[in-house]
Amino acid sequence: MNLLYISSSPVKSWLKAVHRFLPDADLFVWGQDDIKAGDVDYILVWNPPHGLLNTFPNAKAIFNLGAGVDALLEDQNLPRHIPIVRLVDPQLSAGMTEHVMYWVLHFQRHMHLYGRQKAQGKWLQHTPTNTQKRAVGILGLGELGQNAAHALMMMGFEDIAGWSRTRKELPGIESFAGDDELDDFLARTEILVCLLPNTTATQGLLNAKTLAVLPKGAFVINAGRGDLIQDDDLIEALTSGAIEAAALDVFRVEPLPQDHVFWTMDNVFITPHVASLTYPSSATKLIADGIDAIENGELPDHVVDLDKGY
Ligand code: NDP
Ligand code: OXD
């Protein structure tokens with residue numbers, strides 16, 4: 001069985017993981033190893049050039065090496081007759097949960113203020129809001145959002161809500177669903193965590209109108225995709241104090257351009273798209289399960305719904 005690896009990330013750990021979890025498979029690197037297009041059985045991919053994935057006539061599935069498939073779905077020539085499988089991996093969820101917990105606690109414990117005060121040599125105490133009463137809201141209550149919500153509950157946050165397309169029944173988490181309930185969700189949310197996919201329905205969702213619905217002094221944590229936010233509107237809300245601070249991991253253009261205003265704002269915290277990274281060993285184990293399902297005539301888990309776009 002022949003696997004083709006298409007990614008700019010180093011292949012070394014993937015080779016090791018394929019050797020371990022798919023001992024009968026050979027992994028070829030696109031642009032480096034010689035393989036005829038017709039001999040490719042499965043494709044492992046992250047951010048491929050557009051038009052490329054349609055050139056492997058016998059490929060049986062495409063495995064996206066991350067959770068978000070927005071970059072993949074921008075390809076107008078994407079093959080639609082084979083499953084496109086996205087990564088749903090407990091290790092990826094754990095990484096995102098750590099990122100979310102870190103920033104929720106950072107803001108909850110006023111670390112954004114103490115960082116600034118240290119630079120000024122200023123000793124000033126701020127009383128944290130009662131954790132049980134702090135209203136955290138998660139935009140996108142899917143695999144990653146639910147995992148983060150549960151961890152926050154374990155940490156003592158009791159006022160947690162999530163917003164999704166379809167309603168959820170999750171003990172201890174208030175579920176808001178659909179566009180009609182977005183404003184009610186935002187109005188009760190003091191710390192907003194964005195974990196939505198980038199689709200035509202979610203692009204620019206956080207804009208002047210929606211940000212204005214958040215309570216004054218709310219915090220924004222975005223680890224979904226940069227396109228969810230209208231940057232200028234967020235900058236204005238952060239400048240006026242309507243939003244107290246933001247922790248941004250993802251951006252409309254990555255790397256974030258040097259002249260972007262976000263770099264200059266002391267209430268904007270920037271991480272370079274590292275909220276959660278893919279681990280080749282755990283991902284390859286899941287890919288092996290997916291291949292096994294296909295070879296047995298079944299559909300693998302987590303096939304992307306091309307109409308929904310995630
Ligand atoms: P899921 O598909 O499991 O969850 C997506 C959630 O968003 C679901 O709850 C879905 O609702 C909801 N949603 C989608 N569209 C809408 C809409 N129009 N209105 C309301 N809710 C909507 O994805 P994951 O949790 O696995 O991943 C989420 C995103 O996180 C990825 O797409 C990716 O962009 C980002 N990500 C970022 C990383 C980083 O390092 N920064 C790492 C990994 C992922 P419903 O449940 O009803 O379908
Ligand atoms: C992902 C990502 O979608 O790393 O997995 O952004």
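Select Leu3 in this predicted model, and then look across to strand 3, where the bridge partner of Leu3 is Tyr42. Widening the selection to residues 2-6 and residues 42-45 shows strand 1 and strand 3 as a whole, which run parallel and are joined by four bridges.

Next, extend the view to the sheet that holds this pair. Five strands make up an open sheet with parallel pairing, and their order across the sheet is 2-1-3-4-5. At its edges are strand 2 (26-29) and strand 5 (84-85), each of which pairs on one side only. With the sheet still displayed, add residues 280-295, which form helix 9; this helix lies across strand 1, strand 3 and strand 4 (61-64), and it runs at about 165° to strand 4.

From the sheet, move out into two of the loops. Gln32 is in the loop between strand 2 and strand 3, and because its relative accessible area is 58%, over the 50% cut-off, Gln32 is classed as exposed. If you select Lys133 together with Gln32, the C-alpha atoms are 55 Å apart in space, while the two residues are separated by 101 residues in sequence. The loop between strand 3 and strand 4 holds Asn47, a residue that is not a glycine and yet has a positive phi of about 50°. With a relative accessible area of 46%, Asn47 is partly exposed.

A second backbone of this kind is found by selecting His302, in the segment after helix 9. His302 is likewise not a glycine, and its phi is positive, at about 60°; its relative accessibility of 35% places His302 among the partly exposed residues. Such places merit a stop on the tour because most residues other than glycine have a negative phi, and most peptide bonds are trans.

The peptide bond to inspect next is the one joining Glu254 and Pro255, which is cis, with omega at about -5°. Pro255 belongs to the loop between strand 11 and strand 12.

Stay in the loop between strand 11 (243-248) and strand 12 (268-270), and select His260, which is also placed there. Is His260 buried or exposed? Its relative accessible area is 17%, which is under the 20% cut-off, so His260 counts as buried. Showing side chains brings up a polar contact of 3.1 Å between His260 and Asp231. Once neighbours within four places in sequence are set aside, His260 is in contact with Asp231 and Ile235.

Another histidine to select is His112, which is found in helix 4 (residues 111-120). Its relative accessibility is 2%, under the 20% cut-off, and His112 is therefore buried. Which residues does His112 touch, not counting residues up to four places away in sequence? They are His106, Phe107, Phe219, Glu244, Ala245 and Phe269. Of these, Glu244 can be examined with side chains shown, where a polar contact of 2.8 Å joins it to His112.

To finish, colour the protein by pLDDT. The mean over the protein is 98, and 100% of its residues reach 70 or more. Among the elements, strand 10 (residues 218-222) has the highest mean pLDDT, 99, and helix 2 (residues 70-73) the lowest, 95.

Conventions:
Residues are numbered from 1 along each chain as its sequence is written. Chains are lettered from A and ligands numbered from 1 in the order in which they are written. This is a predicted model: local features need pLDDT of at least 70, side-chain atom pairs count only at pLDDT 80 or more; totals for chains, interfaces and linings use all residues. Side-chain values use heavy atoms; hydrogens and water are left out. Two strands pair if DSSP finds at least two bridges between them. Contact means heavy atoms within 4.5 Å. Axes are lines fitted to C-alpha atoms, for helices over the stretch in contact, and angles run from 0 to 180 degrees between N-to-C directions. Buried means under 20% relative accessible area, exposed over 50%, partly exposed in between (1.4 Å probe, protein chains only). A polar contact is a pair of N or O atoms within 3.5 Å; within protein, one must be able to donate a hydrogen and the other to accept it, and residues adjacent in sequence count only if both atoms are side-chain atoms. pLDDT is the predictor's confidence in each residue, from 0 to 100.
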